[in-house]
Amino acid sequence: ESLPKIPGADISLGRQEGGQSQNWLNANLYGEDSATLQALAKEVKARLRAKREFSEIYTDVERGKEEIRVRLNGTLARKYNVSAQDVGRVLDIIVRGQQLRGYRTREGEVQIWTRLDPGTGHTLDDLRQLIVGITPEGRQVQLSQVATLEVEKTPGVIRREDRRSYSWIEVNYSGDKKEEGKKLLGEVLDSMSYPPGYGWSWGFWTMRGEQEDKEFVFNILLALFMVYFVMAALFESVAHPFAIMISLPFALVGVVWMLYFTGTPFNMMAKIGLMVLIGVVVDKGIVLLEHTNNRRILGYSRQEAIREGCRERFRPILMTAATTVIGLIPLALGTSGIFELRYFPLARTVMGGLIMSTVLTLVVLPVYYVFLDDLALWAKRVWIASGPQPLDSAGGRGVAES
């Protein structure tokens with residue numbers, strides 16, 4: 001609150017609520033020459049700055065190190081009788097020092113090094129005034145007389161992948177949909193004019209995000225497959241578990257509304273919460289259908305068994321859901337997490353799906369139960385009717401077949 005007011009600036013703490021921003025994109029520029037890649041990276045950054053959708057743009061050049069480049073003027077060097085080897089030898093002594101011939105003592109051999117005095121300044125002006133040669137007339141030649149010195153920023157390391165050098169670009173898309181930002185970034189990179197042998201591709205983290213999305217879909221399907229077979233073994237029925245599985249999508253309605261109204265990003269923690277929700281939501285359906293089936297075994301009709309099952313399991317279902325939701329409130333309102341990932345998207349995902357599934361379990365699940373039970377009975381009758389029929393006393397087929 002005590003910071004000065006800056007016109008046109010909006011100061012806020014942290015990133016998007018949820019810790020890790022889901023709109024970071026990165027790409028790589030491939031080629032052979034590092035200097036050409038740096039020039040391409042600067043041009044890409046200039047074009048991306050014209051797009052208001054990208055709030056932050058970084059390249060590996062900016063996060064590199066500054067270095068002093070000495071460019072020798074060949075014409076002036078020949079005029080003053082100074083060679084590139086002379087300049088390099090002097091700079092080598094300044095930067096690293098030079099080992100001289102040692103001498104022996106009674107205690108052993110003593111090494112001698114020639115280095116720049118530590119008390120001497122290492123400024124750019126000091127380098128320009130270095131003596132790199134002497135003219136035939138006996139005048140000293142300074143480095144600034146035969147070369148130009150410039151301070152440039154270069155990458156700290158040279159990165160290579162698939163035998164090609166590359167330079168990375170990272171941007172933050174300020175829109176809501178990451179796919180739209182990815183499409184816009186691809187259009188900017190495609191509009192560039194690349195020299196022969198140069199190009200671009202998506203970076204490691206962007207490609208890894210796509211792979212994680214594919215793996216997440218596979219894990220969801222695998223979880224549904226395993227949960228179904230566990231329930232099929234429990235109910236000893238193929239049709240009844242479908243009643244619970246079909247009602248699972250209604251829990252997603254609660255997840256969507258909870259994340260939307262609370263402004264929670266659908267990040268990795270939310271996906272983990274969705275996986276947890278698959279096992280939590282089916283618990284109430286298992287409790288309800290198991291009690292209903294027990295009532296039918298005792299002689300109740302189907303309608304009476306469903307009515308009694310809903311009435312007698314209403315409080316247990318409501319109590320288990322309420323205790324779970326209340327227990328997740330501290331995690332849903334807290335800021336704890338690991339690295340940049342916060343835990344509250346997981347808690348809010350489970351809470352939203354659990355609340356909606358609890359409300360719909362007593363309404364939707366009995367409807368699906370009746371529908372699938374009728375479907376199973378019809379399939380059973382069709383299967384029996386299509387099989388071989390017993391012979392009558394006269395040795396012919398039964399009336400059903402005739």
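Helices and strands here are DSSP runs, numbered from the N terminus. With that in hand, let us walk through this predicted model, beginning at a strand and ending at the aromatic rings.

Leu72 belongs to strand 3, which covers residues 65-72. Its relative accessible area is 35%, so Leu72 counts as partly exposed. If you set aside residues up to four places away in sequence, Leu72 touches Ala77, Ser83, Ala84, Val87, Val146 and Ala147. A separate distance is worth tracing on your screen: Leu72 and Leu143 are 71 residues apart in sequence, while their C-alpha atoms are 8.9 Å apart in space.

Next, let us turn to empty space. Rolling a probe the size of a water molecule over the atoms shows where such space is left. In this structure there are two cavities of 30 Å³ or more. The largest cavity holds about 110 Å³ of space. Which residues line the largest cavity? They are Ile244, Ser247, Leu248, Phe250, Ala251, Val281, Gly285, Ser357, Leu360, Thr361, Val364 and Leu365. Helix 8 (240-262), helix 9 (268-297) and helix 11 (344-385) are the elements that give two or more residues to this lining. Sorted by class, the lining of the largest cavity has eight nonpolar residues, four polar ones and no charged ones.

Phe250 makes a good place to pause, as one of the residues that line the largest cavity. This residue is found in helix 8. With a relative accessible area of 27%, Phe250 is partly exposed. Beyond its neighbours within four places in sequence, Phe250 is in contact with Met356, Leu360, Val364 and Tyr368. Two of these partners, Leu360 and Val364, also appear in the lining of the largest cavity. Phe250 and Thr361 are 111 residues apart in sequence, yet 9.3 Å separates them from C-alpha to C-alpha.

The second largest cavity has a volume of about 30 Å³. Its lining is made up of Leu288, Leu289, Thr292, Ile306, Cys310, Leu365, Pro366 and Tyr369. Helix 9, helix 10 (302-333) and helix 11 are the elements that give two or more residues to this lining. By class, the lining of the second largest cavity has seven nonpolar residues, one polar residue and no charged residues. Leu365 takes part in the linings of both cavities.

Staying with helix 9, we come to Arg295. Is Arg295 buried or exposed? Its relative accessible area is 16%, so Arg295 counts as buried. Apart from neighbours within four places in sequence, Arg295 is in contact with Tyr300, Ala305 and Glu312.

Now for a pocket. The second largest pocket contains about 250 Å³ of space. Its lining has 14 residues, and those nearest the centre are Asn26, Asn28, Gly203, Phe204 and Trp205. Strand 1 (24-31), strand 9 (159-161), strand 10 (164-173), strand 11 (199-202) and helix 7 (204-235) each supply at least two residues of the lining. The lining of the second largest pocket has seven nonpolar, four polar and three charged residues.

Our last stop is the aromatic rings. A pair of such rings is described by the distance of the centres and the angle of the planes. Counting rings whose centres lie within 6.5 Å, the model has nine aromatic pairs. In one of them, Tyr228 and Phe229 have ring centres 5.4 Å apart and planes at 80 degrees; planes over 60 degrees apart count as edge-to-face, so this pair is edge-to-face. Tyr260 and Phe261 also form an edge-to-face pair, at 5.4 Å centre to centre and 70 degrees between the planes. Tyr228 is buried, at 12% relative accessibility, whereas Phe229 is partly exposed, at 46%. Tyr260 is exposed, with a relative accessible area of 59%, and Phe261 is exposed too, at 64%. Ring pairs also join Phe225, Tyr228 and Phe229 into a cluster.

Charged side chains meet aromatic rings as well. The charged end of Lys182 sits over the ring of Trp202, 5.2 Å from its centre. Lys271 lies over the face of Phe216, and here the distance to the ring centre is 5.5 Å.

How values were computed:
Residues numbered from 1 in each chain as written. Heavy atoms only, no water. Phe/Tyr/Trp six-rings, centres within 6.5 Å; stacked < 30°, edge-to-face > 60°. Buried < 20%, exposed > 50% of the residue type's maximum accessible area, 1.4 Å probe, protein only. Lys NZ or Arg CZ within 6 Å of the ring centre and 35° of its normal. 1 Å grid on protein atoms, 1.4 Å probe; cavity = no way out; pocket = protein on both sides within 12 Å on 5 of 7 lines; lining within 4 Å. Points joined across faces, edges and corners; volume = space filled by probe spheres on them. Helix = DSSP H or I, 4+ residues; strand = E, 2+ residues; numbered from the N terminus. Nonpolar A, V, L, I, M, F, W, Y, C, P; charged D, E, K, R; others polar. Contact = heavy atoms within 4.5 Å.
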